[in-house]
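Notebook open, structure loaded. I want to go through the charged pairs, then the rings, then the nonpolar packing.

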Amino acid sequence: VVGAEAGSVLLADPDAERLVFRYVIGLKAELLHGTSFPWNEGIAGVVFKSGNAAIIADVKRDPRHFHGVDLMTGYQTRDMITLPLKQWDGDSIGVLNVLNKRDGTLDEHDLALLTIVSTFAALAIQQARHFEEAKLAQMARLVADIGHDLRNLHQPVITGTGILQSELEDIFRHLPHID
């Protein structure tokens with residue numbers, strides 16, 4: 001959309017308090033998928049925590065830039081836009097990172113376009129999560145129904161076994177004793 005070389009979607013892992021690379025395009029993308037870093041580090045962390053987008057024309061001059069990703073991949077980040085991915089209630093669920101505009105530097109016009117993209121991306125992520133939760137709830141109901149059915153099938157066996165045991169005890173009681 002904005003003519004950038006690379007981009008990524010990082011989603012928050014609330015239990016670990018980390019941002020995790022879930023979708024990465026561009027050079028060395030395979031190295032990043034699934035890796036994470038603390039959600040209070042780097043520009044991505046600042047954007048995630050604040051909920052405010054950031055346009056960085058020269059990352060070398062920004063002390064917030066987390067250079068570890070560049071070191072790990074060998075990629076050279078020059079400029080970037082990072083936008084929060086927000087739920088409808090306004091809470092951040094992650095960030096969208098776009099790196100290195102091919103012609104020129106990422107700017108306010110690019111931010112406007114990416115704001116639309118990030119809104120739709122956050123909506124899609126939320127819908128996917130709700131769908132997953134609905135599938136899990138359906139599976140839990142199915143397992144509960146199966147458990148209920150098994151208990152119902154099991155009960156006559158238990159009752160029958162109890163009656164059989166009682167009958168056998170009565171029969172054994174009336175058998176003559178052999179010394």
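**Entry 1: Asp110**

I looked up Asp110 to begin with: its relative accessible area is 2%, so it counts as buried, the cut-off being under 20%. Note to self: this is a predicted model. Asp110 sits in helix α4, which covers residues 108–173.

What does the Asp110 side chain make a polar contact with? I found the side chain of Lys101, at 2.9 Å. The two side chains also meet in a salt bridge, with 2.9 Å from N to O. Lys101 is buried as well, at 14% relative accessibility.

Then I pulled the contacts of Asp110, skipping neighbours within four places in sequence. The list reads Val2, Ile81, Lys101 and Thr105.

**Entry 2: the other salt bridges**

How many salt bridges does a search of the whole structure find? It finds five, and the Lys101 and Asp110 pair is one of them. I wrote down two others.

Asp62 pairs with Arg64, and their closest N and O atoms are 2.7 Å apart. Buried or exposed, I asked of Asp62? Asp62 is buried, with a relative accessible area of 11%. Arg64 comes out partly exposed, at 35%.

Arg173 and Asp170 meet in a salt bridge too, at 3.2 Å from N to O. Why are Arg173 and Asp170 separated by about one helical turn? Because they are three residues apart in helix α4. Here Arg173 is exposed, with a relative accessible area of 57%, while Asp170 is partly exposed at 33%.

**Entry 3: aromatic rings**

Next I went for the rings. The whole structure gives three aromatic pairs. I noted one of them in full: Phe21 and Phe37 are 6.2 Å apart centre to centre, with 55° between the planes, and the pair is tilted. The angle is not over 60 degrees, so the pair does not count as edge-to-face.

Where do the two residues lie? Phe21 is in strand β2 (residues 18–25) and Phe37 in strand β3 (residues 36–38), so the pair ties together parts that are 16 residues apart in sequence. Both Phe21 and Phe37 are buried. Ring pairs also bring in Phe66, linking Phe21, Phe37 and Phe66 into a cluster.

I listed what else Phe21 touches, not counting residues up to four places away in sequence. Besides Phe37, I have Ser8, Val9, Leu10, Leu32, His33, Gly34, Thr35 and Val69.

**Entry 4: nonpolar cores**

Phe21 turned up again when I checked the packing. The largest nonpolar core has 22 residues, and Leu19 and Phe21 have the most contacts inside it.

Which elements each supply at least two residues of this core? I got β1 (4–13), β2, α1 (29–32), α2 (42–50), β4 (54–56) and β6 (92–101). The element that gives the most is α2, with four residues.

There is also a second, separate core, with 15 residues. Its members include Ile81, Val98, Leu111 and Ala122. I had already met Ile81 in Entry 1, among the contacts of Asp110. So that's where I leave the page.

Methods:
Residues are numbered from 1 along each chain as its sequence is written. This is a predicted model: local features need pLDDT of at least 70, side-chain atom pairs count only at pLDDT 80 or more; totals for chains, interfaces and linings use all residues. Side-chain values use heavy atoms; hydrogens and water are left out. A polar contact is a pair of N or O atoms within 3.5 Å; within protein, one must be able to donate a hydrogen and the other to accept it, and residues adjacent in sequence count only if both atoms are side-chain atoms. Contact means heavy atoms within 4.5 Å. A salt bridge is a side-chain nitrogen of Lys or Arg within 4 Å of a carboxyl oxygen of Asp or Glu. Buried means under 20% relative accessible area, exposed over 50%, partly exposed in between (1.4 Å probe, protein chains only). Rings of Phe, Tyr and Trp (its six-membered ring) pair if their centres lie within 6.5 Å; planes under 30 degrees apart count as stacked, over 60 as edge-to-face and the rest as tilted. A nonpolar core is a set of buried Ala, Val, Leu, Ile, Met, Phe, Trp, Tyr and Cys residues joined through side-chain atoms within 4.5 Å.
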